[in-house]
Amino acid sequence: MPSIEERFSAVLYNASRAWKQTLDRRLKDLGIGQAGWLAITVAARADGPMSQTELARRLGVEDPTVVATVDRLVKAGYVARQPCAHDRRIKLVVLTEAGKALYEKVKTQADNVRTELLSRVDRQQLELVTAVLEAVLEQAESAD
């Protein structure tokens with residue numbers, strides 16, 4: 001029988017994967033994959049334009065991976081690259097109007113999925129699990 005720690009890590013991984021896959025299926029008709037809608041979401045929630053390196057960091061991927069994603073989003077008209085004012089080597093990722101409209105569609109579907117998947121979860125349980133996951137995240141990020 002697996003330990004509670006093994007069960008926790010397996011459920012954490014599988015729940016995260018299933019959550020993303022559920023949202024990905026709901027967004028399929030938008031013609032954008034998981035990497036694209038995640039990048040759009042991160043860019044939309046940022047305080048302003050961010051470098052591709054910062055976008056990669058926030059997505060938890062390597063720089064070359066985010067470059068390919070941004071290339072596809074530029075080609076689709078959802079983002080634009082702008083030179084950085086203080087360092088011309090840095091390219092900033094900026095949402096276009098089409099990207100902002102896409103984000104609103106993504107957000108609506110994400111809200112619907114969240115409501116649906118959490119509909120049977122008790123509020124106190126949700127608060128406890130959220131606190132546990134925040135502690136795990138904090139510990140993981142400080143271990144780097």
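Visitor: Let me start with one residue, Thr 41. Is Thr 41 buried or exposed?

Guide: Relative accessibility is the value to read here. Thr 41 has 12%, and because buried means under 20%, Thr 41 counts as buried. Keep in mind that this is a predicted model.

Visitor: Where does Thr 41 lie, and which residues does Thr 41 touch, leaving out those up to four places away in sequence?

Guide: Thr 41 is part of helix H2. With residues up to four places away in sequence set aside, its contacts are Tyr 103 and Val 106.

Visitor: Which residues in H2 are buried?

Guide: Thr 41 has company. The buried residues of H2 are Gly 36, Trp 37, Ala 39, Ile 40, Thr 41, Val 42 and Ala 43.

Visitor: What span should H2 have, and how far apart are its end C-alpha atoms?

Guide: You can work from a rise of 1.5 Å a residue. H2 covers residues 34–45, twelve residues, so a span of 16 Å is expected. The C-alpha atoms at its ends are 16 Å apart, in agreement with that value.

Visitor: Now for helix pairs. At what angle do the axes of H2 and H3 cross?

Guide: For a pair of helices, look at the distance between the axes and then at the angle. The axes of H2 and H3 (residues 52–59) come within 10 Å, crossing at roughly 110°. That angle makes the two helices roughly perpendicular, because 65 to 115 degrees is the range for that word. The crossing of H2 and H3 is right-handed.

Visitor: Which residues in H2 and H3 meet?

Guide: From H2 come Leu 38, Ala 39 and Val 42, and they meet Leu 55, Arg 58 and Leu 59 of H3. Sorted by class, this contact has five nonpolar residues, no polar ones and one charged. Ala 39 and Val 42 are also among the buried residues of H2.

Visitor: How do the axes of H3 and H4 cross?

Guide: Read that pair in the same way. The axes of H3 and H4 (residues 63–76) come within 9 Å and cross at roughly 105°. H3 and H4 are therefore roughly perpendicular to each other. On the H3 side the contact uses Gln 52, Thr 53, Leu 55, Ala 56 and Leu 59, which meet Asp 63, Val 66, Val 67 and Val 70 in H4. By class that gives six nonpolar, two polar and one charged residues. Leu 55 and Leu 59 of H3 also meet residues of H2.

Visitor: What about loops? Where is Pro 49 found?

Guide: Pro 49 sits in the loop between H2 and strand E1 (50–51). Its relative accessible area is 49%, so Pro 49 is partly exposed. Beyond residues up to four places away in sequence, Pro 49 touches Leu 92, Val 93 and Val 94.

Visitor: And is Lys 28 buried or exposed?

Guide: Lys 28 belongs to the loop between helix H1 (4–26) and H2. Its relative accessibility is 67%, so Lys 28 counts as exposed. The C-alpha atoms of Lys 28 and Arg 45 are separated by 21 Å, with their positions 17 residues apart along the chain.

Visitor: Finally, how many helices and strands does the protein chain have?

Guide: The protein chain has six helices and three strands. Starting at the N terminus, the order is α-α-β-α-α-β-β-α-α. Its C-alpha atoms fill a box of roughly 55 × 35 × 25 Å along the principal axes, and 24% of the 144 residues count as buried.

Key. Residues numbered from 1 in each chain as written. Predicted model: local features only at pLDDT ≥ 70, side-chain atom pairs only at ≥ 80, totals over all residues. Heavy atoms only, no water. Helix = DSSP H or I, 4+ residues; strand = E, 2+ residues; numbered from the N terminus. Expected span 1.5 Å × (residues − 1). Buried < 20%, exposed > 50% of the residue type's maximum accessible area, 1.4 Å probe, protein only. Axes fitted to C-alpha atoms, helices over the stretch in contact; angles between N-to-C directions. Parallel < 35°, antiparallel > 145°, perpendicular 65-115°, else oblique. Left-handed = near helix turned anticlockwise from the far one by under 90°. Contact = heavy atoms within 4.5 Å. Nonpolar A, V, L, I, M, F, W, Y, C, P; charged D, E, K, R; others polar.
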